[in-house]
Amino acid sequence: MDARFPKIAEQLLLIERELRVQGWWDEVAPSAEALSSVEPFSVDTLDFEQWLQWIFLPRMKMILEQDLPLPNASGIQEMAEMVFAARNVQGKDRYLQVLLKEFDLLITASR
């Protein structure tokens with residue numbers, strides 16, 4: 001097991017918690033068609049928060065549970081910064097961006 005797995009698992013829980021706290025957690029999944037987008041971050045079919053909830057978090061959970069190799073790089077916080085800059089979320093995204101940046105750093109940390 002990669003030594004980063006426990007810290008990454010904790011970070012994923014913090015990301016989920018922040019999505020819930022901000023009211024950005026959906027109870028109903030998007031359509032199968034929306035979830036099958038081939039675009040980066042599913043920008044053509046999902047909001048960024050939906051992508052985090054329905055694509056990113058489940059994939060990362062699967063990687064950890066099945067002891068699969070972690071990605072070599074992550075730039076999720078950069079995408080979050082672009083997405084939230086285009087919206088008027090009145091700073092509600094700040095802590096989520098901190099959490100995503102910490103995730104990115106964990107991914108790029110040496111094993």
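These questions and answers concern a predicted model of one protein chain.

Reader: How many helices and how many strands are there in the protein?
Author: From the N terminus on, the elements of this predicted model run α-α-α-α-α, and no strand appears among them. The count is therefore five helices and zero strands.

Reader: What is the radius of gyration of the protein, and how does it stand against the globule rule?
Author: Along its principal axes the C-alpha trace spans about 40 × 30 × 25 Å. For 111 residues the globule rule gives 13 Å, and the computed value is close to this, so the protein is as compact as a globular protein of that length. The radius of gyration itself is 14 Å.

Reader: For the residues that UniProt lists as "domain: YqcC-like", how far apart are the end C-alpha atoms?
Author: The UniProt record, an unreviewed entry, places this domain at residues 8-104. Over that stretch the chain is 59% helix and 0% strand, and the C-alpha atoms at its two ends are separated by 10 Å.

Reader: At roughly what angle do the axes of helix α3 and helix α5 cross?
Author: Two packed helices are described by the angle between their axes and the distance between the axes. Here α3 covers residues 48-65 and α5 covers residues 94-108, and their axes come within 14 Å. The crossing is left-handed, and its angle is roughly 30°.

Reader: Into which classes, nonpolar, polar or charged, do the residues of the contact of α3 with α5 divide?
Author: On the α3 side the contact involves Phe 48, Leu 52, Phe 56 and Met 60, while α5 contributes Leu 96, Leu 100, Phe 103 and Ile 107. No polar and no charged residue takes part, and the division is eight nonpolar.

Reader: Which residue's side chain makes a polar contact with the side chain of Asp 44?
Author: Asp 44 lies in the loop between α2 (32-35) and α3, with its C-alpha atom 8.2 Å from that of Ala 34, which is 10 residues away along the chain. Leaving aside neighbours within four places in sequence, Asp 44 is in contact with Ser 37 and Glu 39. The side-chain polar contact, at 2.4 Å, is with Ser 37.

Reader: Which residue is joined to Ser 74 by a polar contact between side chains?
Author: Ser 74 belongs to the loop between α3 and α4 (76-85). Once neighbours within four places in sequence are set aside, Ser 74 is in contact with Phe 103, Asp 104, Ile 107 and Thr 108. The polar contact between side chains has a length of 2.6 Å, and the partner is Asp 104.

Note on methods
Residues are numbered from 1 along each chain as its sequence is written. This is a predicted model: local features need pLDDT of at least 70, side-chain atom pairs count only at pLDDT 80 or more; totals for chains, interfaces and linings use all residues. Side-chain values use heavy atoms; hydrogens and water are left out. UniProt positions are given in the numbering used here, feature names are shortened, and annotations may be inferred rather than shown by experiment. Helices (H or I, at least four residues) and strands (E, at least two) are DSSP runs, numbered from the N terminus. Axes are lines fitted to C-alpha atoms, for helices over the stretch in contact, and angles run from 0 to 180 degrees between N-to-C directions. A crossing is left-handed if the near helix is turned anticlockwise from the far one by less than a right angle, and right-handed if clockwise. Contact means heavy atoms within 4.5 Å. Ala, Val, Leu, Ile, Met, Phe, Trp, Tyr, Cys and Pro count as nonpolar, Asp, Glu, Lys and Arg as charged, and the others, Gly among them, as polar. A polar contact is a pair of N or O atoms within 3.5 Å; within protein, one must be able to donate a hydrogen and the other to accept it, and residues adjacent in sequence count only if both atoms are side-chain atoms. The radius of gyration is taken over C-alpha atoms; the globule rule is 2.2 Å times the number of residues to the power 0.38.
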